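Me: I should like to learn how the features of a protein model are read. Could we take them one at a time, beginning with the strands?

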Amino acid sequence: MTASDEVELSEQWYRRVETGHEGTHLAESRRTPGAFASGELDDDTNQVVNSSEWVADDPYEDDTVDEGNMGTLIACAVTSVGTAAITYVATKHLHPW
């Protein structure tokens with residue numbers, strides 16, 4: 001992309017509404033590389049079969065940890081404690097090289 005082709009991005013965030021249209025995918029934008037258009041294309045024919053729906057979203061609005069991330073959070077905590085315990089045992093009870 002050259003300087004004259006730069007794209008001005010909005011500060012507004014949007015989330016796609018899952019409509020249950022199986023066998024479709026979002027159309028890629030012809031104007032903006034890496035962007036998507038609102039058309040849903042058939043996976044087999046690549047023809048427009050529907051339009052996607054989007055709702056405004058603020059990804060920073062909800063600071064709570066959802067259940068999907070809770071497992072990752074617990075795994076990281078256990079790994080950190082385990083690493084610290086192994087390091088302690090190794091430095092206290094093993095002879096230095």
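Reply: To read a sheet, one asks for the order of its strands and the sense of their pairing. In this predicted model, an open sheet of 3 strands runs in the order β2-β3-β4, with antiparallel pairing. Its edge strands are β2 (24-28) and β4 (48-51), each of which pairs on one side only. From one strand to the next, the twist averages 45 degrees.

Me: Over how many bridges do β2 and β3 pair, and in which sense?

Reply: The pairing of β2 with β3 is antiparallel and extends over 4 bridges. One residue pair illustrates the register: T24 has D42 in β3 as its bridge partner.

Me: How many bridges join β3 and β4?

Reply: Strands β3 and β4 are joined by 3 bridges, again in the antiparallel sense. Here L41 stands opposite V48 in β4. The two strands form a hairpin, with 5 residues between them.

Me: Which residue in the turn of that hairpin has a positive phi?

Reply: The general idea comes before the case. Most residues other than glycine have a negative phi. In this hairpin, the residue to examine is N46, which is not a glycine and yet has a positive phi of about 60 degrees. N46 lies in the loop between β3 and β4. Its relative accessible area is 46%, so N46 is classed as partly exposed.

Me: How should a residue within a strand be read, and is E40 buried or exposed?

Reply: A useful starting point is the geometry of the strand. In a regular strand the side chains alternate between the two faces of the sheet. E40 belongs to strand β3, which covers residues 36-42. E40 counts as buried because its relative accessibility is 0%, the cut-off for that class being under 20%.

Me: With which side chain does the side chain of E40 make a polar contact?

Reply: The partner is the side chain of T24, at a distance of 3.2 Å. T24 is also the residue whose bridge partner in β3 is D42.

Me: How may one recognise residues that are distant in sequence but brought together in space?

Reply: One compares separation along the sequence with distance in space. V17, in strand β1 (residues 13-17), provides a case. V17 and V55 are 38 residues apart in sequence, while their C-alpha atoms are 6.9 Å apart. Once neighbours within four places in sequence are set aside, V17 is in contact with E53, W54 and V55. V17 has a relative accessibility of 27% and therefore counts as partly exposed.

Me: What share of the chain's contacts with a separation of 6 or more comes from residues 24 or more positions apart?

Reply: Such residues account for 39% of those contacts.

Me: Finally, what pattern does the chain follow along the sequence, and what percentage of its residues is buried?

Reply: The chain contains 1 helix and 5 strands, arranged along the sequence as β-β-β-β-β-α. Of its 97 residues, 7% are buried; E40 is one residue that counts as buried. The accessible surface of the chain is about 8,900 Å², and carbon and sulfur atoms contribute 54% of that surface.

How values were computed: Residues numbered from 1 in each chain as written. Predicted model: local features only at pLDDT ≥ 70, side-chain atom pairs only at ≥ 80, totals over all residues. Heavy atoms only, no water. Buried < 20%, exposed > 50% of the residue type's maximum accessible area, 1.4 Å probe, protein only. Polar contact = N/O pair within 3.5 Å; in protein donor to acceptor, adjacent residues only side chain to side chain. Pairing = 2+ DSSP bridges. Axes fitted to C-alpha atoms, helices over the stretch in contact; angles between N-to-C directions. Contact = heavy atoms within 4.5 Å. Areas by Shrake-Rupley, 256 points an atom, 1.4 Å probe, with all protein chains shown as cover.
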